[in-house]
Amino acid sequence: MSYSVSLESLSFSYRGSEKQALKDLTARIEKGTFLAVMGASGAGKSTLCCALNGLIPRFFRGRYDGKLLVDGRDVRSCGIVELSRMVGLVLQDFEAQLFCTNVELEVAFGPENQGLSRETIRERIDRYLVFTGLSEMRSRDSATLSGGQKQRLAIASILAMEPAILVMDEPVTDLDPMGRLDVLGISDRLREQQRTMIVVDNEPDNVAEADMIWLMKEGGIAAQGSPEEIFSNVDMLESCGVMVPPTISLFRTMGWPGSPFGFEEARALIVKHNLAVPRQGTRERKSIAGAAGQPVLAAKNLSFRYPANIKDSLKGIDLQIGEGEFVALLGRNGSGKTTLAKQFNGLLRPTAGTMLINGKPTASYRKQELARLVGYVFQNPDHQIFASTVKEEVSFGLKILGYDRHSIEENTARALAATGLEGYEEQSPFVLTKGERQRVAVASVLAVRPRVIVLDEPTTGLDYLHQMETMKMLKSLNSEGHTIIIITHTMWIAESFAKRTIVMNESRIIADGPSRDVFRDEENLSRASLAPSSLVRLSNWLNADAMEAPGLAEEVKG
């Protein structure tokens with residue numbers, strides 16, 4: 001049998017650490033396999049990815065034991081050029097691997113360094129820009145792309161080298177749902193070509209089509225098997241910090257037979273066993289969006305165009321957000337979500353129309369006043385972290401705004417406690433995990449106690465447990481009176497926590513209302529490359545407000 005990858009008692013400890021990041025891994029991956037690797041933060045997933053293409057132990061030093069063979073070759077004996085042809089790696093921090101001056105040059109860089117012909121390079125650029133949906137942006141400066149577009153570009157640049165093994169570390173975190181399907185759908189083509197795809201991802205829906213799943217825990221492989229085998233083992237999933245598919249949780253809670261993965265399987269079992277009867281016809285539905293206070297943000301016929309663009313990034317936006325609301329802002333990559341959010345605190349100013357905070361145009365405020373009113377947490381926390389310790393980072397805004405020493409100490413301590421960062425005060429934020437750095441960024445904004453907190457992809461790169469911790473923290477802040485606005489591509493996050501959902505498409509708002517109503521209209525969502533989670537699709541099909549199975553409506557909507 002031909003193996004693409006063989007691990008033989010592979011162990012690794014980073015220099016200066018006694019803890020094993022990888023612990024005695026022994027496993028094999030057949031050629032043409034789509035392997036998904038899942039597990040909590042710190043389980044060793046990213047370390048494994050870096051070992052596969054030789055970054056470990058060449059770049060990241062430490063104690064390395066055992067063997068990792070790629071196509072029968074020990075990665076430690078392979079040259080960099082040889083490895084680049086064999087293994088392509090899309091990093092979790094995808095922005096770190098983008099450096100060319102425009103999109104087309106970024107995709108061309110790898111094939112050029114492989115010495116391919118001009119004709120071949122051109123053909124690959126065209127093919128993979130079309131595949132990743134970036135063909136109309138080939139001349140754009142990559143720095144001007146949205147987060148999701150940058151992630152697509154990083155994927156395209158690796159695909160263009162056509163490696164025998166494609167390794168992607170959480171490659172779809174910033175992509176809209178349809179974009180995720182497009183990228184992960186390449187597995188079919190790779191199977192036909194006997195090429196291997198290894199993907200780190202903690203969302204069950206994203207890896208449903210995998211041939212094999214590895215569950216990692218504390219540096220080792222805790223379980224391996226098909227998606228059906230892995231996802232039906234609820235106890236193992238929970239012990240590894242991986243989300244249990246919601247439809248499986250639903251069936252267990254209701255005491256129903258089977259462990260369906262996803263909407264279609266769940267619907268088939270419900271019909272087969274007559275577990276619930278979908279109601280036909282119409283019925284008045286009551287949706288609760290939550291009581292909103294006085295408008296704190298208001299956009300009036302707002303449009304915006306970046307200086308180098310010929311098209312508006314926002315067109316005729318009319319919007320009001322009230323005091324104390326919890327709002328999710330959804331849409332495909334490049335639809336204008338982040339551009340709109342940056343209007344809320346004056347990071348960007350309208351080119352037409354008006355953006356109001358408490359009834360006053362943003363242009364009439366001083367920057368310090370805006371910072372007290374609207375806090376903004378960037379998509380990438382590293383874009384706003386710079387201090388040498390966590391405490392200095394969290395207290396920086398307070399110092400700049402002229403708070404007295406006692407208030408600085410009190411507000412900093414409160415923000416650290418709210419974000420679970422007590423005990424981290426003297427640590428450097430740059431040695432923390434992505435999730436911890438995200439919490440530092442939130443704490444630095446929270447310390448100022450702004451009335452509105454805007455968070456761009458607050459759960460990206462976090463495992464399930466940390467996603468839940470982050471969202472529960474935001475829910476608690478909302479209950480204290482803060483207005484919370486999140487930009488997200490994770491549908492279950494919006495469905496579970498946001499009382500109101502706004503959907504954008506092609507620079508305009510195409511839906512705005514109570515989240516339950518917005519997610520009912522699946523056809524409208526599809527216009528924005530969005531789709532509700534399998535549980536909400538099931539709820540829509542069953543018409544959860546009128547279901548005949550006792551308790552099911554509450555479970556589905558909960």
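A residue is called buried when its relative accessible area is under 20%, exposed when the value is over 50%, and partly exposed in between. Keep that cut-off at hand for the exercises below, which all work on a predicted model.

**Exercise 1. Is Arg 305 buried, exposed or partly exposed, and what is the state of Asp 312, with which Arg 305 meets in a salt bridge?**

Step 1. Start with Arg 305: its relative accessible area is 36%, so Arg 305 is partly exposed.
Step 2. Turn to Asp 312, which has 25% relative accessibility and therefore counts as partly exposed too.
Step 3. Now join the two: their side chains meet in a salt bridge, at 2.9 Å from N to O.

**Exercise 2. Find the salt-bridge partner of Arg 124, and work out which parts of the chain the pair links.**

Step 1. Look around Arg 124: the partner is Glu 162, with the closest N and O atoms 3.3 Å apart.
Step 2. Place both residues. Arg 124 belongs to helix H5 (residues 118-131), while Glu 162 sits in the loop between helix H6 (147-159) and strand S7 (165-169). The two are 38 residues apart, and the pair links distant parts of the chain.
Step 3. Check the accessibility. Arg 124, at 13%, is buried, whereas Glu 162, at 26%, is partly exposed.

**Exercise 3. Explain why the salt bridge between Arg 138 and Asp 126 ties together separate parts of the sequence, then name the network they belong to.**

Step 1. Confirm the contact: the Arg 138 and Asp 126 side chains form a salt bridge of 2.8 Å, N to O.
Step 2. Locate the partners. Asp 126 is in helix H5 and Arg 138 is in the loop between H5 and H6, so the salt bridge ties together parts twelve residues apart in sequence.
Step 3. Read the accessibility: 22% for Arg 138 and 31% for Asp 126; each of these residues is partly exposed.
Step 4. Widen the view. Glu 104 and Arg 122 join Arg 138 and Asp 126 in a network of salt bridges. In total, the structure holds 26 salt bridges.

**Exercise 4. Trace the order of the four-strand open sheet and decide which strands stand at its edges.**

Step 1. Follow the antiparallel pairing, which gives the order S2-S1-S4-S5.
Step 2. Pick out the edges: S2 (22-30) and S5 (73-74) each have a single partner strand, so one side of each lacks a neighbour in the sheet.
Step 3. Move to S1 (residues 3-14) and S4 (residues 62-70), an antiparallel pair with eight bridges. Here Glu 8 has Lys 67 in S4 as its bridge partner.
Step 4. Finish with helix H1 (residues 45-52), which packs on the sheet and touches S1, S2 and S4. The direction of H1 makes about 120° with that of S1.

Definitions and conventions:
Residues numbered from 1 in each chain as written. Predicted model: local features only at pLDDT ≥ 70, side-chain atom pairs only at ≥ 80, totals over all residues. Heavy atoms only, no water. Pairing = 2+ DSSP bridges. Contact = heavy atoms within 4.5 Å. Axes fitted to C-alpha atoms, helices over the stretch in contact; angles between N-to-C directions. Salt bridge = Lys/Arg side-chain N within 4 Å of Asp/Glu carboxyl O. Buried < 20%, exposed > 50% of the residue type's maximum accessible area, 1.4 Å probe, protein only.
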